[in-house]
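Me: Could you take a close look at one part of this model with me? I would like to hear about its interior.

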Amino acid sequence: MANNQLDIKFPKGGVFFIVLAVLAIILFSKATVTINSGQAGVLYKTFGGGVVTDEPPLGEGFQIVAPWNKVFIYEVRQQEIYEKMQVLSSNGLEIQLEASAWFQPQADKIGSLHQEKGENYISRVIQPTIRSAARSVVGRYTPEQLYSSKRDVIQTEIFVETKKILDKQYIQLNEILVRDVTLPTTIKTAIERKLKQEQESLEYEFRLVTAKKEAEKQIIEAQGKADANRILSASLTEKILQDKGIEATIELSKSSNSKVVVIGSGKSGMPIILGNQ
């Protein structure tokens, strides 16, 4: 039984056009690149000097490049890196520090960044710099300072030291955030006990000061009253006392609830009140 065979015949020159079309598709795919939002492209010219550093990077959108060149795409938006590290305090105790860094490549310098640091610049440059700065800064302080009042200070100092280095590496550092400082349990317990004792001592001193001020206040008030009485006594003459007594007697005699009987006079010449109703 004869086998039926499918006989496909291309028109004259058809194979050439098919091959040409395939090559055109391949060249087109090689010669175009799409750069997404928040990204930038570094152009590498295979026959023209390598990495382009003296021109702006390729921006977002559809880009056409020569098929023999390459484009390396970098994220230029702010990124975050998280670091958990062991560092030593000023007295040699091991401290666990957790921190985050917000950073981004300098957009107009990513050509130089790619040429000198490469695509792994985070592990090659940023991480070692943060760790070095953290060890240097934490080593200046005691565990008590790190635990109680210096967290914001070390955060600022780590940022300053890290930024000083990264600015020269074509990397923009935006912020360093110290998320946690963990001390050995025994040290933490001892510090908390000490802080509690200090707080109790401050409260006791406050009560003493308050009591002392209250005592001083009472002494001042008593002294003021004594001085007032002494001045008043010195100003009262026998004549003034007589006049005051007469005025008081007259006012009492005018009262509708009182009946005053006056007979004779006292030793000082004042009327004598014998009775009232």
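Which residues in the largest nonpolar core touch the most other members?

Reply: Happy to help. This is a predicted model, in which local features need pLDDT of at least 70 and side-chain atom pairs count only at pLDDT 80 or more, while totals for chains, interfaces and linings use all residues. Residues are numbered from 1 along each chain as its sequence is written, and side-chain values use heavy atoms, with hydrogens and water left out.

The residues you want are Leu-97, Ile-126, Ile-158, Ile-171 and Val-181, out of 35 in that core. A nonpolar core here is a set of buried Ala, Val, Leu, Ile, Met, Phe, Trp, Tyr and Cys residues joined through side-chain atoms within 4.5 Å; buried means under 20% relative accessible area with a 1.4 Å probe, protein chains only. At least two core residues come from each of several elements, including strand E7 (94–105), helix H5 and strand E8 (171–182). Helices (H or I, at least four residues) and strands (E, at least two) are DSSP runs, numbered from the N terminus. Helix H3 gives the most, with eight residues.

Now zoom in on Ile-171. Beyond its neighbours within four places in sequence, Ile-171 is in contact (heavy atoms within 4.5 Å) with Phe-103, Gln-104, Gln-106, Leu-113, Tyr-121, Val-125, Ile-126 and Leu-166.

Leu-166 also belongs to the buried residues of H5, together with Ile-154, Gln-155, Ile-158, Phe-159 and Thr-162. These cover an arc of only 140 degrees around the axis, so they lie on the same side of H5; the arc is that of the directions from the helix axis to the C-beta atoms.

How values were computed
Buried means under 20% relative accessible area, exposed over 50%, partly exposed in between (1.4 Å probe, protein chains only).
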